[in-house]
Structures are given as C-alpha cells and as structure tokens.
Amino acid sequence: MKVWPVLLKNWMENINRIHLIKQMQVKFLSFGLLLVFLFACDTQAPEERVKHEPFTLLIQKKSSETPSGGLTTEPYLQGIQREKVQGFPDRSAFFLAERVSKITHFPCGECHTRMVSELKELENSNTPKAHWNISLQHASKDLMNCQTCHPNSRMNTLRSLQGAPIEFNHAYQLCAQCHFQQARDWSGGAHGKRLGGWASPRVIKNCTGCHNAHNPRLEKRWPSRASSLPNFTLE
Amino acid sequence: MFSFLKKILPKKRFKQSEASSSTESPLPKDPDSTQKNTGYQQVFNQKQSRRKAMGTIFKGLTAGTALASSSCSPFMDAEKSEEAELKWDEYFKGHYQLMTDQEKEETVQRLTRLHQLKTQQHLSMSFTPANKGVLFGYAFNISKCRGYMDCVNACVKENNQDRKSKMQYIKIFENKKGSMGLETADSNYFHEVPAEGHFYMGTQCFQCENPPCTKVCPVMATWKEPDGIVVIDYDWCIGCRYCEAACPYWARRFNWGEPQVPQEEVNPNQHYLGNRMRKKGVMEKCTFCIQRTRTGKNPACVEACPTGARIFGNLLDPNSEIRWVLANKKVFRLKEELGTEPKFWYFMD
C-alpha cells in the first residue's frame with residue numbers, strides 16, 4: 001500500500017524535470033531567434049544597391065573624358081567641305097556640309113542683272129529661263145513672298161527679316177527666325193541628320209539638306225517595303 | 001609527394017625516373033644529347049584542358065581516316081582536307097570571352113578562309129573590342145518617323161539577314177494618334193504613309209543595361225559587351241531559344257533554316273559578334289551594327305533614315321546628341337517597369 005505515495009512523488013519530480021527542460025528549451029529558442037534576427041539584417045553589398053539608382057544618373061556619373069573613345073568620323077567625311085555653325089554658344093562646336101560650291105549657277109548676280117519684275121516681263125521672249133517651276137508653298141502669301149528671303153538688291157545672299165545679309169551656307173539662321181524651336185532642337189541633335197558617324201567631329205545637314213525651302217513639307221509616299229514579320233502585339 | 005615511393009622503389013630505378021622527368025621541356029638544351037623527347041612525350045606530356053585534349057584526339061582520328069581514304073582514292077582534294085581541318089579547329093575552339101587576342105585572330109582567319117573556300121569571296125572580318133569610355137545609346141523621335149521603312153531595308157542589307165525567311169530586326173508600328181499602347185498598333189501596314197491621324201514607332205533590340213536574355217542562356221553564348229551592346233557568339237549558341245522567350249520586347253530572331261543571302265549581296269565588312277554569316281539553328285539580333293559603330297560610324301538604320309527620327313551616340317559623352325535629347329526632351333522607354341533599363345528612348349518634338 002506504500003507504493004502509491006512513492007509513485008506520486010516520482011511523478012511530481014518528473015513533472016518538475018519536464019518543466020525545467022521546457023524552460024531550457026524556451027531560453028535556447030529565444031536566444032537562437034535573437035541571433036537570427038541579429039544576423040538576418042540587410043547584408044546586401046553596396047554594389048548591388050547602386051543598381052536601383054536611376055540609370056540616367058549613373059550615366060551622368062560615369063561620363064568620360066574621352067568622349068569618342070578615341071574614334072573619329074573623319075574617314076567618313078571625305079568629300080564633304082564643312083562650315084562651322086554660328087549662333088549656338090551653349091553647344092560645343094559643330095559643323096554643316098558646305099553648299100555654295102555645289103549650287104549650279106552661282107553667284108546669282110551673273111543672271112540677275114535686272115529686277116525680277118523686269119525679267120518676268122521678258123517671259124515671252126527667247127531669253128533663257130531658270131527655276132521657272134518654283135512655286136512658293138511656304139506659309140501664307142500674306143506672310144511670305146520671294147522678297148522675304150531673296151532681296152532684289154543683293155541676289156548673292158539671303159536676307160533676314162531685319163534686312164541683314166545671310167550667306168547661303170548659313171541658311172539655318174534665316175529659318176531660325178520663325179522656326180526657333182526646330183532650330184534649338186537642330187543645334188542640340190533632336191532634329192536633323194548627322195553625316196559620317198556618331199564620333200566627333202559633329203557634322204550635320206543644313207535645313208535645306210532635307211527640306212525644300214520653297215516647299216518644306218516632306219511628301220507622302222509608299223513605304224519602301226512591307227513588313228514580313230507576323231503582326232504580333234507587344235503586350 | 002614522392003617520398004613514399006623512394007622508400008618502396010629501389011634507389012636506382014627512382015633515379016632513372018627523375019632523369020626522364022627533368023627532360024620534359026619540348027626542346028632539350030643540347031641538341032646532340034641522346035636523351036631526346038619522343039613524339040609521344042611531346043604530345044602527351046603537356047598540360048592540356050579537356051577541350052583541347054578532345055580536339056587533339058579527334059583531329060588525330062580524322063587525320064587517320066583522311067589518310068586511309070586518300071591512300072585508297074588518288075584524287076583527294078587538298079582544299080577539302082583543308083576545309084575539314086579548319087572545321088575541326090572551329091568546332092573545338094574555346095569560349096569567345098576567354099580567348100586571347102591571338103586566338104580571336106586565328107578564329108577570324110579560319111572563318112574568312114572557310115567562307116573563301118565555300119564561295120570564292122574574300123571577307124574583311126574584324127573582332128574590334130569595345131572602345132573605352134563608350135556606352136551606346138539610341139533615341140527614336142516618334143513625331144518624326146513617317147513609316148517609310150528605309151531603315152528596315154538598310155538593316156537587312158548591312159547585317160546579311162536571311163532573305164528566304166525575310167528576317168528583319170526592326171519593326172515599325174503604326175499607331176492611332178491618341179493611343180499609346182502597342183496592343184492596337186498595326187505593324188503590317190502597306191499603304192501611302194504617313195496615314196492620316198497616325199504616328200509611327202520603331203522597335204528593335206534595345207540593348208538593355210540589365211538584359212533578361214543573357215541571364216537565361218544555359219551556355220553563356222550571349223552577353224553584354226562593355227560598350228553596352230548585347231551580342232551572341234553564333235558558334236557557341238545551341239539554339240534553345242530561351243533568350244527569345246525571356247526578351248520582353250521580341251527583339252531576338254531564330255534561324256529555322258540555313259540563312260540564304262545572294263552572294264553578290266553579302267556585305268563583306270563583317271564583325272565576329274555582328275553581321276558575319278549565321279548558320280541554321282542559332283539566334284541572332286540587332287547589335288547596333290557593331291561592325292560600323294565600333295569604328296565611329298552610325299548604324300545602318302540611322303544612316304538610312306530620311307527623316308532624322310533616329311539618333312545614336314555615346315551616352316558617356318556629355319556633348320553628344322543623345323545626351324542632349326535625354327536632357328532636353330520628354331523621353332520614355334518601353335516597359336520601363338520591368339527594370340531592364342533599355343538604352344533606347346522614345347521622344348517627341
């Protein structure tokens with residue numbers, strides 16, 4: 001009959017022991033968790049973090065001192081005489097393809113010895129005719145006529161709105177009087193056409209290299225080919 | 001290391017082996033010396049990589065079979081055996097990025113010679129590396145593009161693209177004005193352009209700064225060069241097309257058949273990583289005309305564009321046109337939220 005109290009005592013001790021073990025376990029676990037929290041902090045390498053910086057900022061930072069990587073467009077500009085562009089002080093020096101030497105009849109004064117109105121009266125005679133097919137499709141007739149750009153007195157140069165002479169090579173100065181926004185884009189590189197290549201020196205086409213000054217709008221036309229790829233959508 | 005051998009082997013024998021190992025250099029110092037290397041030692045006592053060893057073994061095998069066949073047929077073609085040898089060397093060449101300049105030179109020479117043997121045409125292939133301080137960028141003016149597609153023609157010609165499957169890298173989308181998404185755009189238009197009330201938008205490889213296509217390649221056949229151009233080694237590509245699936249811009253093309261270019265139309269000015277002739281079962285893509293741009297020229301599409309809608313330049317040059325566009329125009333990129341950082345910006349006047 002004395003067995004029961006002994007068993008009960010053993011049982012109680014056991015319970016105590018289990019309790020102790022459990023306490024130990026909890027301590028151990030919490031210590032482990034603390035360690036995990038301590039070492040699970042952000043350990044990302046600084047180089048990795050840079051990746052999330054906006055790309056354009058990275059480009060600005062890395063800007064190099066050898067802008068063309070030691071390359072030049074000179075070999076691809078042979079046969080193109082160039083003229084320095086004037087009037088854009090905020091841009092580094094750039095050039096355009098010279099044109100005057102390529103005009104078929106220059107200087108203009110060699111034919112234009114008389115006023116155009118007088119020459120027009122001779123229309124039915126047998127005198128030689130030149131650029132008779134030009135019809136002005138540029139702005140409204142109230143705004144522009146031939147004399148707006150070609151002064152009667154000095155046919156060898158163009159004329160600004162204030163009457164100052166402008167050389168044919170610098171025709172962009174004439175266009176820029178009204179199309180200042182396009183001229184700004186052109187000086188920066190967002191408008192116009194580059195010759196040779198991307199490396200320095202920068203040589204671009206003049207306004208008249210692409211636009212006919214008398215009919216500046218580009219014509220509609222058929223595409224030079226049809227696409228052969230399936231008509232997928234980018235989504 | 002061999003100390004335990006000293007204990008086991010008789011002294012005399014070990015000394016002999018020491019003497020033989022000391023003459024391992026291919027040329028003995030004294031030419032009259034009796035201890036010359038045998039042919040076996042010259043070939044097999046060299047440090048070799050697995051790839052090189054495989055190459056030597058297989059080359060030996062082919063040489064043997066070639067010898068056997070030539071001894072049987074007296075009309076063995078010298079050019080054919082040369083071609084076979086070049087092809088073997090090509091097959092066992094290393095990875096392009098691990099090659100020395102001399103090895104690159106050799107593989108370029110082999111490729112030009114192989115092309116010459118095949119078509120009697122001489123190429124000038126280069127392997128010009130990226131120039132320092134150059135990172136290429138591209139801008140596309142959607143107000144200027146008129147959908148003429150002259151760029152596509154120039155690109156096909158310049159890059160020797162397959163004429164049979166009519167491959168093209170560039171795709172021009174015709175969008176309704178007022179809509180910005182490409183879901184409703186038409187890329188197969190064929191009518192007088194520009195159509196009333198529409199604008200045009202060209203896509204090609206954007207040469208992402210963080211390209212998803214190079215990450216998925218299981219054989220590292222495609223990578224980003226230091227000047228930002230994503231290139232493919234056509235000899236290393238296994239044609240699994242993972243990169244095609246990974247690209248969110250549909251910029252990569254696969255050669256389902258042997259690319260066919262009429263011989264008189266082949267552009268002989270080639271680059272190893274650019275427009276050299278591809279083969280069946282490999283990927284290809286726009287490389288910003290690497291063969292032109294690494295010498296300072298503009299890509300063929302930029303040169304061909306009659307409207308000046310395409311602008312190309314060095315992003316690291318503060319005075320370049322592309323930098324001016326980025327600084328002064330409202331620019332956007334396609335699927336910017338993916339974090340691929342394309343180096344191809346769209347802008348409008």
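**Exercise 1. Find which residue stands opposite Arg82(A), and place the pair in its sheet.**

Step 1. Arg82(A) stands opposite Ala97(A), in strand 2 of chain A. Strands here are DSSP runs (E, at least two residues), and helices are DSSP runs too (H or I, at least four residues), numbered from the N terminus.

Step 2. Strand 1 of chain A runs antiparallel to strand 2 (residues 95-97) of chain A, and 3 bridges join them. Two strands pair if DSSP finds at least two bridges between them.

Step 3. The open sheet has 4 strands of chain A in the order 1-2-6-5, with mixed pairing. Its edges are strand 1 (82-84) and strand 5 (194-195) of chain A, each pairing on one side only.

A note on the source: this is a predicted model, where local features need pLDDT of at least 70, side-chain atom pairs count only at pLDDT 80 or more, and totals for chains, interfaces and linings use all residues. Residues are numbered from 1 along each chain as its sequence is written, while chains are lettered from A and ligands numbered from 1 in the order in which they are written.

**Exercise 2. Build up the sheet of chain B that has the order 10-2-12-11.**

Step 1. The sheet is open, has 4 strands and is mixed in its pairing. Strand 10 (310-314) and strand 11 (331-332) of chain B are the edge strands.

Step 2. Strand 2 (residues 136-141) of chain B pairs with strand 10 of chain B over 5 bridges, in the antiparallel sense. Phe140(B) stands opposite Arg310(B) in strand 10 of chain B.

Step 3. Add helix 12 (residues 321-328) of chain B, which packs on the sheet and touches strands 2, 10, 11 and 12 (344-347) of chain B.

**Exercise 3. Describe the largest nonpolar core.**

Step 1. A nonpolar core is a set of buried Ala, Val, Leu, Ile, Met, Phe, Trp, Tyr and Cys residues joined through C-beta atoms within 7 Å. Buried means that 20 or more other C-beta atoms, placed from the backbone, lie within 10 Å of a residue's own.

Step 2. This core has 67 residues; Phe140(B), Cys151(B) and Ile170(B) are among those that touch the most other members. Helix 7 (residues 150-158) of chain B gives the most to this core, with 5 residues.

Step 3. Beyond its neighbours within four places in sequence, Ile170(B) is in contact (C-beta atoms, placed from the backbone, within 7 Å) with residues including Cys151(B), Cys155(B) and Cys301(B).

Technical notes:
Buried ≥ 20, exposed ≤ 12 C-beta atoms within 10 Å, placed from the backbone. Contact = placed C-beta atoms within 7 Å. Axes fitted to C-alpha atoms, helices over the stretch in contact; angles between N-to-C directions.
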